[in-house]
Amino acid sequence: MIRFDNVSKVYPKQNRPALRDVSLEVERGEFVFLVGSSGSGKSTFLRLILREERCSQGQVHVLGKDLARLSNWKVPQMRRQLGTVFQDFRLLPNKTVGENVAFAQEVIGKSRGEIRKSVPQVLDLVGLGGKEDRMPGELSGGEQQRVAIARAFVNRPKLLIADEPTGNLDPQTSVGIMKLLDRINRTGTTVVMATHDQNIVDQMRKRVIELEQGRLVRDQARGVYGYQH
Amino acid sequence: MRAQFVLSEIGVGLRRNLTMTFAVVVSVAISLALFGGSLLMRDQVSSMKGYWYDKVNVSIFLCNKADAESDPNCSKGAITTEQKDQIKADLGEMSVVEKVSYESADQAYKHYKEQFGDSPLASSLTPDQMQESYRVKLKDPEKYKVIATAFDGRDGVQSVQDQKGTLDNLFGLLNGMSVAALYLMALMLIVALMLIVNTVRVSAFSRRRETGIMRLVGASGFYIQAPFIMEAAVAGLLGGLVACGMLLVGRFFIIDHGLALSEKLNLITFLGWDAVLTKLPLVLAIGLLMPALAAFFALRKYLKV
């Protein structure tokens with residue numbers, strides 16, 4: 001699903017590499033936590049998977065494709081098989097909940113009939129059934145993140161990338177979001193989640209990958225958060 | 001891709017940048033109107049050239065009795081019959097001459113009356129004051145000099161006039177105007193394109209949230225860029241339509257009504273509506289394509305896809 005071979009990333013005009021010689025593999029259906037302090041390279045790691053950036057050295061394979069060889073115009077095709085969720089939700093404030101979810105289908109050219117069918121389905125799945133016509137601003141943070149997850153999942157991606165999805169939420173709401181991500185993972189979708197939330201990592205007992213100053217320092221099945229910050 | 005979705009995005013975008021859109025429309029309209037006007041001016045000049053060069057003569061004006069007293073060229077008195085015959089014979093021998101015709105003072109008076117019948121000057125004129133002349137048609141209008149050197153200063157000849165020289169001054173002026181219009185158009189077009197680039201930059205920035213999300217869910221580059229390009233194209237097309245309107249209204253008021261040149265200068269055949277109409281598709285096409293291209297190149301810089 002994801003394979004990094006000796007990947008390094010140096011941003012222009014910066015001496016210190018953001019990632020140094022990282023090699024790892026994530027299998028289909030896995031749930032992986034990505035931990036590490038700020039500036040450890042977590043975001044760079046995710047940006048490489050999304051091909052927002054290209055690596056400076058090594059090879060990144062996602063969904064069986066070598067991203068270095070993937071031509072620019074094929075990148076959208078690749079991203080359609082990924083779902084993304086962020087700390088700041090990234091919803092469109094002037095569109096309703098339903099329209100926000102439908103947006104992900106509209107931009108890839110799904111028919112209106114398909115959209116009308118799948119949007120309520122996925123909103124039911126994330127526990128927001130019947131809230132299609134609400135505006136994002138009327139919802140709580142947890143609900144907004146559920147909308148974002150619905151949008152990420154509506155096209156049934158094989159891989160879900162979550163960048164601190166609970167970073168803006170209180171612990172109780174975070175647990176709800178984690179249950180939802182776990183459910184999505186059980187449908188066969190691979191989940192890679194960067195987080196600072198110690199409790200969640202410790203409770204879930206999933207695979208943990210830890211980065212420190214751009215290096216892979218720990219890769220542990222059924223791991224815990226494991227470091228103090 | 002669904003047309004309705006794209007169209008609604010374009011409408012939103014254009015309304016959001018209403019002032020910019022207006023500026024783009026106006027500058028595109030002005031530059032294209034200048035462009036069309038310049039094209040039409042060229043057509044007018046070349047049709048006038050074709051028409052008039054065919055008709056231009058070199059006129060050899062002969063001295064009449066009035067000239068003999070007032071004009072130093074005619075100090076040797078009015079022209080005599082022998083002198084007239086001699087000129088005619090000489091003209092007949094010249095190879096550059098195609099045709100020679102003689103215009104008597106009475107005929108000249110009649111032509112004058114026909115052309116300027118209403119003007120007060122015409123009523124004070126008598127046939128005696130008109131000059132006899134030879135109208136020489138040349139095989140090549142450029143060979144005027146040959147006639148001038150042969151007959152200028154000859155006894156009984158008041159002057160040799162080349163009508164083409166007068167026309168060339170007029171055509172030179174008209175051509176100069178159309179070139180000036182082209183330069184002005186180029187300037188306005190640059191202004192318009194800069195405005196478009198700026199508009200695209202602003203709207204790409206104000207919509208970075210949407211485009212960022214589009215990118216994440218795998219919208220193709222074309223799909224993300226299309227609304228911006230279409231916005232520029234729609235604004236440009238509006239400008240083009242306004243320019244077309246300006247050309248049509250311009251022809252109407254300059255030639256038919258208002259300035260009514262067709263009445264004041266009834267010797268000139270002005271361009272018809274068909275000449276204007278055939279320019280409109282070109283104007284519209286440029287109005288559509290130039291802004292779209294400008295937007296496309298601006299997006300490469302300001303919108304990450």
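This note goes through a predicted model, taking in turn the contact between the chains, the two sheets, the domains of chain B and some single residues.

1. Contact between the chains. Chain A and chain B each bring 14 residues to their contact. On the side of chain A that touches chain B, the elements giving two or more residues are helix 2 (75-79) and helix 3 (97-106) of chain A. Sorted by class, this side of chain A has seven nonpolar, three polar and four charged residues.

2. The sheet of chain A. Six strands of chain A make an open sheet in the order 6-7-8-3-9-10, and their pairing is mixed. Strand 6 (82-86) and strand 10 (215-220) of chain A are the edge strands, each pairing on one side only. With direction ignored, neighbouring strands are turned against each other by 15 degrees on average. At one edge, five bridges link strand 6 of chain A with strand 7 (residues 159-163) of chain A in the parallel sense. Within this pair, A:Gly83 is found opposite A:Leu160 of strand 7.

3. Helices on the sheet of chain A. Helix 1 (residues 42-49) of chain A packs on this sheet and touches strand 3 (31-35), strand 7, strand 8 (190-194) and strand 9 (207-212) of chain A. The direction of helix 1 makes about 150 degrees with that of strand 7 of chain A. Helix 6 (residues 171-186) of chain A also packs on the sheet, where it touches strand 3, strand 7 and strand 8 of chain A. For helix 6 the angle of about 150 degrees is taken with the direction of strand 8 of chain A.

4. Domains of chain B. Chain B is divided into domain 1 (3-52 + 168-302) and domain 2 (55-162). Domain 1 is thus written as two stretches of the chain. The centres of the two domains of chain B, taken over C-alpha atoms, are separated by 51 Å.

5. The sheet of chain B. Here four strands form an open sheet in the order 2-3-1-4, with antiparallel pairing. Strand 2 (97-103) and strand 4 (157-162) of chain B each have a single partner strand, so one side of each is left without a neighbour in the sheet. From one strand to the next the twist averages 15 degrees. Strand 1 (residues 58-62) of chain B is joined to strand 4 of chain B by five bridges, and B:Phe61 stands opposite B:Ser159 of strand 4. Helix 7 (residues 144-151) of chain B packs on the sheet and touches strand 1, strand 3 (133-138) and strand 4 of chain B; its direction makes about 170 degrees with that of strand 4.

6. Helix 4 of chain B. At 1.5 Å a residue, the 13 residues of helix 4 (residues 81-93) of chain B should span 18 Å, and the 19 Å between its end C-alpha atoms agrees with this. Of these 13 residues the number buried is one, so helix 4 of chain B lies largely in the open.

7. Two leucines of chain B. B:Leu241 belongs to helix 10 (residues 221-256) of chain B. It has 18 C-beta neighbours inside 10 Å and therefore counts as partly exposed. B:Leu271 lies in the loop between helix 11 (261-264) and helix 12 (273-302) of chain B; because it has 16 C-beta neighbours inside 10 Å, B:Leu271 counts as partly exposed. Beyond its neighbours within four places in sequence, B:Leu271 is in contact with residues including B:Leu40, B:Asp43 and B:Val276.

Methods. Residues are numbered from 1 along each chain as its sequence is written. Chains are lettered from A and ligands numbered from 1 in the order in which they are written. This is a predicted model: local features need pLDDT of at least 70, side-chain atom pairs count only at pLDDT 80 or more; totals for chains, interfaces and linings use all residues. The expected span of a helix is 1.5 Å times one less than its number of residues. A residue is buried if 20 or more other C-beta atoms lie within 10 Å of its own, exposed if 12 or fewer, and partly exposed in between; C-beta atoms are placed from the backbone. Two residues are in contact if their C-beta atoms, placed from the backbone, lie within 7 Å. Ala, Val, Leu, Ile, Met, Phe, Trp, Tyr, Cys and Pro count as nonpolar, Asp, Glu, Lys and Arg as charged, and the others, Gly among them, as polar. Domain bounds come from an automatic or database domain assignment. Two strands pair if DSSP finds at least two bridges between them. Axes are lines fitted to C-alpha atoms, for helices over the stretch in contact, and angles run from 0 to 180 degrees between N-to-C directions.
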